[in-house]
Amino acid sequence: LNVTCLLTTELRHLAREFAGAERTCLIPELTPGAAYDLLQALAPAAVSNDPALARKAVQAAGGVPLSIKLLAGYLSTEPASAEAAAVDGLRKRLETAVQELDIHDDVHTKLQQTIALSLTHLPAHILRAFYNLGAFVPSPATFTHDAAVSVTQADVAIIDDLIQRNLIEVVADAEGVLALHPAIASVAQVRRDPKTVARHRAFYM
């Protein structure tokens, strides 16, 4: 039986201990241009609103793909029209992102700050659903959309909102299958309702 294990981690010493120096591969961060292109693909309205400010936000977030995806989710509210209020709202979000993220140079800290920014100003019922996702094991483990609704006791629309904000990952080529990035899961686990653990256990029994 041939078994291959792949471990991804931000900790280089852990990677070397797991696979050995000769089998450890360092995956570089996105270049500024690639990070900007990713943000433009995921949040086109925000980027077109102020391209120069969007580039500053990308630089502030760093080159980790998850950070850019979360930034896009934070900016994902598309204006219903070209009214000044909607445009100003997008610009204000870009300005806030630059201010909040352009503080630390450490990649891990930037990611944590981006997660915190993603949760900023979320309504209490959506925040509660997010934290209750902490009952799930992070990726590579997966869970279904139905499981998310049952365990968090949130409406389908709330789970879909968290997906749109890239706080929940949709597993490619698997309809209705979701995952939680370890960095995001670690934040959710801190404030999860203890009852969600029991509901998680009951759902899978």
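The paragraphs below lead through a predicted model, taking in turn its helices, its sheet, its largest pocket and several individual residues.

Helix α2 covers residues 32-42, and its buried residues are A35, Y36 and L39. Seen down the axis of α2, these buried residues fall within an arc of 100 degrees, so they line one face of the helix. The partners of that face are three further helices: the buried residues of α2 pack against α3 (44-49), α4 (51-61) and α5 (65-74).

Helix α12, made up of residues 194-204, can be read in a similar way. Here T196, R199 and H200 are buried. The view down the axis of α12 places its buried residues within an arc of 105 degrees, so they line one face of the helix. On the other side of α12 lie P194, K195 and A202, which are exposed. The buried residues of α12 pack against α8 and α9.

One residue of α8 deserves attention at this point. N132 belongs to helix α8, which spans residues 124-132. Is N132 buried or exposed? Burial is under 20% relative accessible area; N132 has a relative accessible area of 4%, so N132 is buried. Leaving aside residues up to four places away in sequence, N132 touches V151, T152, R192, D193, T196 and R199. Of these contacts, T196 and R199 are also among the buried residues of α12. N132 and A185 are 53 residues apart along the chain, and their C-alpha atoms are separated by 9.8 Å.

The chain between α8 and β1 forms a loop that contains P140. The peptide bond from S139 to P140 is cis, with omega near 20 degrees.

Strand β1 leads to the sheet. Three strands make up an open sheet with antiparallel pairing, in the order β1-β3-β2. Its edge strands are β1 (143-144) and β2 (169-170), each of which pairs on one side only. Strand β3 comprises residues 177-179, runs antiparallel to β1 and is joined to β1 by two bridges. Within this pairing, T144 has V177 of β3 as its bridge partner.

Two loops contain residues with notable backbone angles. Q153 lies in the loop between α9 (145-152) and α10 (156-164). Its phi is near 55 degrees, a positive value in a residue other than glycine. The cut-off for exposure is over 50% relative accessible area; Q153, at 60% relative accessibility, therefore counts as exposed. N166 is located in the loop between α10 and β2. Phi of N166 is likewise positive, near 65 degrees, and N166 too is a residue other than glycine.

The largest pocket completes the picture. Its volume is about 1600 Å³. The lining consists of 41 residues, and L7, T8, T9, E10 and I27 are those that lie nearest the centre of the pocket. Two or more lining residues come from each of α1 (12-19), α5, α7 (107-119), β2 and α11 (182-190). Which element gives the most to the lining of the largest pocket? That element is α1, with six residues. By residue type, the lining divides into 26 nonpolar, eight polar and seven charged residues. Two of the contributing elements have appeared above: α5 packs against the buried residues of α2, and β2 is an edge strand of the sheet.

Note on methods
Residues numbered from 1 in each chain as written. Predicted model: local features only at pLDDT ≥ 70, side-chain atom pairs only at ≥ 80, totals over all residues. Heavy atoms only, no water. Buried < 20%, exposed > 50% of the residue type's maximum accessible area, 1.4 Å probe, protein only. Helix = DSSP H or I, 4+ residues; strand = E, 2+ residues; numbered from the N terminus. Arc of directions from axis to C-beta. Contact = heavy atoms within 4.5 Å. Pairing = 2+ DSSP bridges. 1 Å grid on protein atoms, 1.4 Å probe; cavity = no way out; pocket = protein on both sides within 12 Å on 5 of 7 lines; lining within 4 Å. Points joined across faces, edges and corners; volume = space filled by probe spheres on them. Nonpolar A, V, L, I, M, F, W, Y, C, P; charged D, E, K, R; others polar.
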